[in-house]
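Okay, thanks for making time, everyone. I'd like to walk through the contact between the chains and then a group of charged residues. Let me put it up on the screen.

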Amino acid sequence: MAATLLRRLRDLATLLFGLTLVLFVMLRFAGDPVVVMAGPDATPEQMALLSEQYGLDRPLPWQFIVYLGNVLTLDFGQSMSTGRPAMSVVLDMLPATLLLTFLALGFTLLVSIPLGAWLGVRRRTLPRRIVSAGVFILQGAPGFVVGLLLIQVFAVRLGWLPSLGYGTVMHWILPTLSLAAFLAPKLTRVLAANVSEAMREDHIRTARASGATPRELLLRHALPNALLGATALVGTQFAFLISGTVVIELLFSWPGIGWLLVESTQTLDFPVVQSVAIVVAILVFTVNLLTDVCFRLLDPRLRAVGR
Amino acid sequence: MVIAADRRLRRTRKRAGSTGAELWFGAALAFVLLALAALAPWVQTHDPMLGDLTLRFIPPGDAAHWLGTDNLGRDLWSRAVAGLAWSLACALTATLIAASIGTTLGLLAAERDGWVRAIVRQVVDLVLAFPGIVAAICVIAVVGQGFWPLVLTLGLLSWPVFARVVYAEALGILERDFVTAARLAGVNRLRILVGHVLPGLRTTLLVMLAFHFADMLIAESALSFLGIGAPPGDPTWGNMLAESRQFLFRAPWMLFVPAGAIVLAVVIANLLGDGIAVALRGGRDPD
C-alpha cells in the first residue's frame, strides 16, 4: 500500500512538472505578458522596466527554471492583474467550485441510485420504457443547454429562481441541476445496466431460492455489486465534472475557479492560470486516490489480494 | 470456465435478437442527419448569414420562416441546417483525429512494455489533466478562430480515451494463442498489431467512435457557446445559443431551435453507439 502510494505521488510530481512546462510554453506563445501588464498606453521605457522587474527579459528556459524553483518553495507568483499572490486568489475561489461540484454530485447520487435500481429490476413495462427513454434523451442534453433551458423556464418565465450569482441557497439550485445533468443520466444508465446484470447472477438465484424477498434481493445482494461499478465511474468522471463546471460557472456568473481560469487565460495572467491547473490536477488526483481506497474497502475480493 | 462461457454466449444470443431494431433506428436517423447536412445548400430556405431587419423576431410557425427568425431577421431553420453541417464535420474530423492518435499510442503501449509504455501513460495523464479551455483560448490567440484550429484542439485533447481502452483490450488480445503462434512463426511486430490485434478491436472501436462523436458534438457547441470555438457570427449551434442569451424573454425560440438540434444530434449518436454495442457485442457498453 505504501509503495503504491509512493508510486502514485511520483506520477503526480511528473504530471505537475509536465503540466507546468506545457502551460508555460503555450501561454508564452499566446502573448507577451509585459504588454498585458503594461496596458495599451505604456511607453517602451516602461515596458523595458517592467520586463526587467519581473525577469521577463531573460531567456525562456531560464525563466522557466526560476518559476519552477519558486513553485517548489510554494511561491506561485503574483497575479499580473491584481498583484495578489496567485495561489491565494485561486484558493479563495476554490470553495465556490467545490460547493457546486459536491452539490451536483450529491444530487446525482440521490437521483441516480434509486432511479437506476428501479430501472434495473423492472421488466419491460410501459412506465419503465418511458422513464428509460427520458433518461436517454437527457443524456443527450449537455449541461449548459440544460442550464439555458432552466434559466428560460424558472428565471425568465416563472421568475421563481435567480439565474445569476452565488448569494443564497436559491442561487444554488439552477447551477446544481445544470452541472448534475452532465453525470446523472449516464450514472443512472450504468447503474440500471449493472443492477439488471447482477440480478441474473447465480448468487441472486441462490438467495431467491433460499427465500429472500425481492426487496432484500435488490438492497442486500444486487445493489452493492452495482454500486461498486458506479464508484469507479464517479471517480473517472470527476475530472470531467470539474471541466463541466467551467461552462456552468460562466453561464451562471458563479465565482469559482472555472470562471477564474477563463478570465485569467484571456488576460494572460500566467501565474493564476498555472495555479488553477495545479490545484485542479491535485484535486483530481486526490479524488482518484479516494475512489481507489473506497473500492478496496467496499470490495472484499480486493482486500485479500491487496495489489 | 466452460459453463461460464456458455452462459455468456446464451445471454448474448438472447439479447442480440431483440435489440437489432435499436441499431437500425439509430442508423436510419443518422442517415437522415447526414443527408440534411450534405444537401444543406438545397435544404436551406434562406441564406443563413443574411438577415432582413424588417423581419426580426418572427415566432415559429410562419409560412416563410417555419422555425422563426432571430434578432437580425435571419432564418433559424437555415441557420440550424448550416450548423448541422458544421457540427457534423467538426465532430467527425475531431473524432477521427482522436481515434487515430489514441489507437496508435494504445497499441504501442500494449506491445512495448518498459519506457514506451511508461511515457505513453504519463502523456495520457498529462492530456487528461490539461485544462482544455486554456488550450482552446491559446490556440485562438496564436492562429485565430476557424475549422482546423478548433478540430485539432478537440482531437488533440481527447485521444486519451481511445488510448486507454485500446491499451487495455490489446493487452488481452496479445496474450491469446493465435498471437503467440504468429509471433513464433516469425511475423513481425507491426504486422501482428495491424493484422491480428487491430481486427479484434473492431467492435470496441466502432462503439467508441459513436460515443466519442457525441462527446465532440457537445464539446464543439460548448466552446462555440463560450466564444472560443467557431468564428463568431457563423451559423453554428453554439453561436446560436450564445446569441439567444440576450433575447431569452423576447424570443425564446432562438434558444429552443439550437438546443433541440444539439439534443437531437447527440441522442442519435448515442443511439447508434448503443445499437452497435448491443448488436455486435451482445451487451451494453460499460462506460
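So, the interface. Chain A and chain B bury about 3800 Å² between them, and carbon and sulfur atoms account for 72% of that. Keep in mind that this is a predicted model. If you look at the chain A side, the residues that lose the most area to chain B are F136(A), F144(A) and L148(A), which together make up 14% of what that side buries. As for who takes part, 45 residues of chain A and 40 residues of chain B are in the contact.

Now the polar side of things. How many salt bridges are there between chain A and chain B? The count is 1. The pair to look at is R189(A) with D274(B), where the closest N and O atoms sit 2.6 Å apart. Polar contacts between the two chains come to 4 residue pairs, counting those with both residues at pLDDT 80 or more.

Which elements of chain A give two or more residues to that side? They are α1 (2–30), α6 (126–139), α7 (143–157), α8 (169–198), α10 (214–252), α11 (257–266) and α12 (270–298) of chain A. The biggest giver is α1(A), with 11 residues. By class, the chain A side breaks down into 29 nonpolar, 8 polar and 8 charged residues.

Okay, let's leave the interface and go to chain B. Over all chains, the whole structure has 10 salt bridges, and I want to show you a few that hang together.

Start with D70(B). Its side chain meets that of R74(B) in a salt bridge, 2.9 Å from N to O. D70(B) also forms one with R79(B), and there the closest N and O atoms are 3.8 Å apart. Buried or exposed, what is D70(B)? It counts as buried, because its relative accessibility is 1%. R79(B) is buried too, with a relative accessible area of 0%.

Next, follow R74(B) across. It pairs with E243(B) as well, closest N and O atoms 3.5 Å apart. R74(B) is in the loop between α2 (40–43) and α3 (76–111) of chain B, while E243(B) is in helix α11 (residues 237–244) of chain B, so this pair ties together parts that are 169 residues apart in sequence. Both R74(B) and E243(B) are buried. Put the shared partners together and D70(B), R74(B), R79(B) and E243(B) are joined into one network of salt bridges.

That's what I had, happy to take questions.

Definitions and conventions: Residues are numbered from 1 along each chain as its sequence is written. Chains are lettered from A and ligands numbered from 1 in the order in which they are written. This is a predicted model: local features need pLDDT of at least 70, side-chain atom pairs count only at pLDDT 80 or more; totals for chains, interfaces and linings use all residues. Side-chain values use heavy atoms; hydrogens and water are left out. A salt bridge is a side-chain nitrogen of Lys or Arg within 4 Å of a carboxyl oxygen of Asp or Glu. Buried means under 20% relative accessible area, exposed over 50%, partly exposed in between (1.4 Å probe, protein chains only). Helices (H or I, at least four residues) and strands (E, at least two) are DSSP runs, numbered from the N terminus. Contact means heavy atoms within 4.5 Å. Buried area is the accessible area (1.4 Å probe) that two parts lose on being put together, summed over both. A polar contact is a pair of N or O atoms within 3.5 Å; within protein, one must be able to donate a hydrogen and the other to accept it, and residues adjacent in sequence count only if both atoms are side-chain atoms. Ala, Val, Leu, Ile, Met, Phe, Trp, Tyr, Cys and Pro count as nonpolar, Asp, Glu, Lys and Arg as charged, and the others, Gly among them, as polar.
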